[in-house]
Structure formats: structure tokens, C-alpha cells
Amino acid sequence: MTQLTECELGLVKEIRQQLHRVPEPSGSEEKTKALIRAFITAHTGLSCFDYGGGTCGLYTPPEEALEEAICLRADFDAVSLPEGDAAHLCGHDGHTAALLGVALFLERTRPGRRVLLMFQPSEETGEGAEAMAPLLKEYKITRIYGCHNLPGFPFGRVFTSLDTFACASSGMTFAFTGKPAHAAYPEYGVSPAGAVAEFLAEVQAFNREVPFGGGTFATVVGCNMGQKAFGTAAERAEVWITMRSDTNDNFMKLKAFLNSRSEAYAQQNGLTLSVMEQDAFPATENDETAARELLDRTGGELLTEPMRWSEDFGHYLNACRGAFFGIGAGACPPLHTREYEYPDELLSHQIRALIALL
């Protein structure tokens with residue numbers, strides 16, 4: 001299949017570098033959206049519109065499309081940094097540039113099917129896909145595909161799964177609240193210490209026993225109780241846990257287990273409990289037929305196990321048949337590290353894989 005010309009590929013590399021220089025965190029990607037819209041308007045005749053915090057390019061063939069409508073998605077937010085700014089340490093600038101390369105291809109080749117190019121915000125927080133998923137029904141999309149670069153995998157090679165590509169995950173805060181007391185008279189207070197100790201021990205036991213299978217586990221990422229004031233017994237404690245599973249069903253079982261056990265320990269110790277969930281991602285569970293088509297058209301390979309990290313593309317797969325895949329970025333620093341930058345040399349490979357799905 002015809003690929004991009006050298007001039008077109010040069011435009012794609014240039015926009016990738018422009019995007020890299022204006023990293024914006026989830027929910028604040030206004031400059032990024034402006035660059036995407038400007039590129040589509042300047043170089044293609046695709047219609048461009050905003051939706052759900054993101055922006056889209058729609059290619060409509062000259063005559064009524066006989067084939068199913070397809071959607072290709074790229075994410076464009078950057079990774080938030082502790083000091084308050086952001087940086088493209090996950091390669092979303094590359095994903096976006098590659099999809100803009102597909103827009104150039106559609107403009108030049110004019111295929112006979114409708115194609116929706118979806119540029120999505122807020123992937124890092126798990127919020128963007130859910131907001132944009134209604135577009136799939138509105139535009140009668142019957143297949144959706146997305147891609148992520150994979151450092152450490154053979155350069156330019158496509159990898160996918162016939163079932164789960166990436167795990168479900170969510171951050172959970174369990175807050176136990178009792179009653180404060182003077183440290184000299186702890187019997188007059190209600191301390192969360194016992195409940196927290198028992199809860200943490202049970203979480204660790206769960207991970208050793210893996211009752212839902214080895215792909216389901218809970219990671220204690222932190223705990224905070226009281227303050228460093230030696231005259232006061234603690235009144236409140238928080239336990240922070242990341243839940244993770246390779247299937248949505250087992251993820252819900254894990255969530256129910258943690259909610260049930262934390263509530264039991266709170267009641268046994270005379271405490272109140274509040275639970276907050278954030279950064280929630282469903283499992284990215286591919287449609288087998290769509291994944292096999294992807295493998296056939298791209299010459300891809302099967303993963304030996306799901307990625308443990310999460311990707312909000314699962315929201316689309318809950319609404320439409322499709323598949324998510326990875327493309328090897330070769331020997332380079334890991335994602336979300338200060339040294340990582342999407343390699344421009346990978347753009348042609350990612351664009352080729354996306355075009356093959358058309």
C-alpha cells in the first residue's frame with residue numbers, strides 16, 4: 001500500500017516536534033488541540049470539529065461509502081510532573097503526529113470508506129476516552145483501533161493480543177476515622193491503627209494467594225496515620241491501594257473484596273470508613289476478530305502476556321468492536337522517565353500500521 005511521500009513525512013516529523021515543545025497535562029491541552037486543528041485545516045480537506053475535550057478529523061469519501069466506517073484514535077496529553085508542569089514522556093506527541101500522517105494519506109489517496117480520526121485528551125487520568133466514546137455510535141463506527149509505542153520491544157514491530165492488551169487499574173483511598181485522645185489516655189479514643197494493620201495484612205495475604213489468578217493484585221502504594229505529635233493518639237488513617245487486573249470481571253471482584261474487608265475492619269474497630277476511587281481504567285480487552293485482522297494486515301505478533309500498565313482505550317472497546325496494539329520503539333529509556341522521547345524514526349512504522357487497517 002502507498003505510504004507517505006518524503007515531503008509528507010517531513011511535515012509529520014515537524015508537527016511531532018512542535019507538539020513535543022508544548023506539553024500540556026490532562027484537561028489543559030488547548031495549545032495541543034490548536035496545533036492539531038491547524039495542521040488538518042492547512043494540509044487536508046477533512047472536516048474538523050471538537051468533541052468531549054478532544055478534536056477530530058472526519059474523512060468522507062466522494063461517493064457513499066460501501067464499507068464499514070472505521071475510527072483511528074490517538075491520545076495527546078502529556079505526563080504531569082511533581083513540580084507542576086508536564087512533559088511528553090509517554091510518546092503521545094508521536095501518536096498524534098502519526099495520526100496526522102494518516103490524515104495526509106487520506107487526503108491524497110481518497111479511499112472509499114468513511115474514516116474518523118479521533119484525537120483524545122486526558123488519557124493519563126483515564127477520563128478522555130469515556131467522554132469521547134459516544135462519537136462511535138453517532139458516526140456509526142463499526143471498528144476502532146489505537147496504538148501505543150513500546151520501548152524495549154523490537155523497533156517497528158507490531159504487537160497485540162486476542163483478548164486483554166492492557167490491565168484494568170484504579171487508585172483507591174480507604175479513610176478510617178475514629179476519635180482522638182491524649183496519648184496518656186488512649187483508651188478514651190478510637191484508634192484506626194488496629195483496623196489498618198489487619199487490612200494491610202489481608203491485602204498482602206491476598207497477593208500471595210492470588211485467588212482470582214496471577215493477573216489480579218492490589219499494590220499498597222502508601223499509608224498515612226495521625227501526625228508526629230507525641231501527645232495525641234491518632235484519630236484518622238488513610239490507606240492508598242492500586243487495584244490491577246487483566247480482566248474487567250476479576251477487577252470488579254477485587255474491588256468488591258477490598259470494599260467488603262475494609263468495611264468489616266472499620267465496623268469491628270468502631271470506625272467510620274470512606275472510600276474514594278480515582279484514575280480508573282477498564283481493561284483493554286480486544287475483540288478477537290478485529291485483533292486477528294490487525295495481525296493479518298500488519299504482520300504483527302501476539303504478546304505473551306497483557307501489559308500491566310493501563311490504557312483508557314477500553315472504554316471504546318466496551319462500545320464498539322476493535323483492537324489496541326503496540327509498536328516496538330527499540331532500545332530506549334522506559335516510558336514516564338525523564339529521558340524518554342518518542343523517536344521520529346518510528347513515525348513511518350506507526351503510520352504504515354495505521355494505514356494498513358484502512
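Which backbone nitrogen does a side-chain oxygen of Asp-287 reach at the start of helix 8? Keep that one in mind while you get your bearings; we'll come back to it in a moment.

**The whole chain**

You're looking at a predicted model. Color by secondary structure and you should get 10 helices and 18 strands. Line the view up with the principal axes, and the C-alpha atoms fill a box of roughly 80 × 40 × 40 Å. Of the 358 residues in the chain, 51% are buried. Now turn to contacts with a separation of 6 or more: 80% of them are between residues 24 or more positions apart.

**Stop one: helix 8**

Select residues 288-298, which make up helix 8. Back to the opening question: show the side chain of Asp-287, and you'll find one of its oxygens within 3.2 Å of the backbone nitrogen of Thr-289. Next, pick out Ala-290, Ala-291, Leu-294, Leu-295 and Thr-298, which are buried. Turn the view to look down the helix axis: these buried residues fall within an arc of 140°, so they line one face of helix 8.

What sits over them? The cover includes strand 7 (141-151), strand 8 (158-160), strand 17 (301-302), strand 18 (322-330) and helix 10 (347-356). Before leaving, click on Gly-299, which follows helix 8 and has a positive phi, near 65°.

**Stop two: strand 2 and its neighbors**

Jump to residues 54-59, strand 2. Here 6 of the 6 residues are buried, so the strand is largely enclosed by the rest of the structure. Show side chains, and you'll see Gly-54, Cys-56 and Leu-58 pointing one way, with Thr-55, Gly-57 and Tyr-59 pointing the other way.

Add strand 1, residues 47-51: strand 1 and strand 2 pair in the antiparallel sense over 5 bridges. To check the register, find Ser-47, whose bridge partner in strand 2 is Leu-58. The two strands form a hairpin with 2 residues between them. Gly-52, in the turn, has a positive phi of about 55°.

Now bring in strand 6, residues 115-120. It pairs with strand 2, again antiparallel and over 5 bridges. For a landmark here, look at Gly-57, which stands opposite Leu-117.

**Stop three: the aromatics**

Show the rings of Phe, Tyr and Trp; the structure holds 11 aromatic pairs. A good one to zoom in on is Phe-174 with Phe-199, an edge-to-face pair at 5.2 Å centre to centre, with 70° between the planes. This pair links distant parts of the chain: Phe-174 is in strand 10 (168-177) and Phe-199 is in helix 6 (193-209), 25 residues apart. Both Phe-174 and Phe-199 are buried.

Then select Phe-165, Trp-309, Phe-313, Tyr-316 and Phe-324, which ring pairs link into a cluster.

**Last stop: the cysteines**

How many disulfides does the structure hold? The count is 0. Start with Cys-167: its closest cysteine sulfur is in Cys-90, 15 Å away, which is too far for a bond. Cys-167 is buried, at a relative accessible area of 4%.

Finish on Cys-332, which is in no disulfide either; its nearest cysteine sulfur, that of Cys-90, is 12 Å away. Switch to a surface view for this residue: at 26% relative accessibility, Cys-332 counts as partly exposed.

Key. Residues numbered from 1 in each chain as written. Heavy atoms only, no water. Buried < 20%, exposed > 50% of the residue type's maximum accessible area, 1.4 Å probe, protein only. Helix = DSSP H or I, 4+ residues; strand = E, 2+ residues; numbered from the N terminus. Pairing = 2+ DSSP bridges. Arc of directions from axis to C-beta. Contact = heavy atoms within 4.5 Å. Polar contact = N/O pair within 3.5 Å; in protein donor to acceptor, adjacent residues only side chain to side chain. Disulfide = S-S within 2.5 Å. Phe/Tyr/Trp six-rings, centres within 6.5 Å; stacked < 30°, edge-to-face > 60°.
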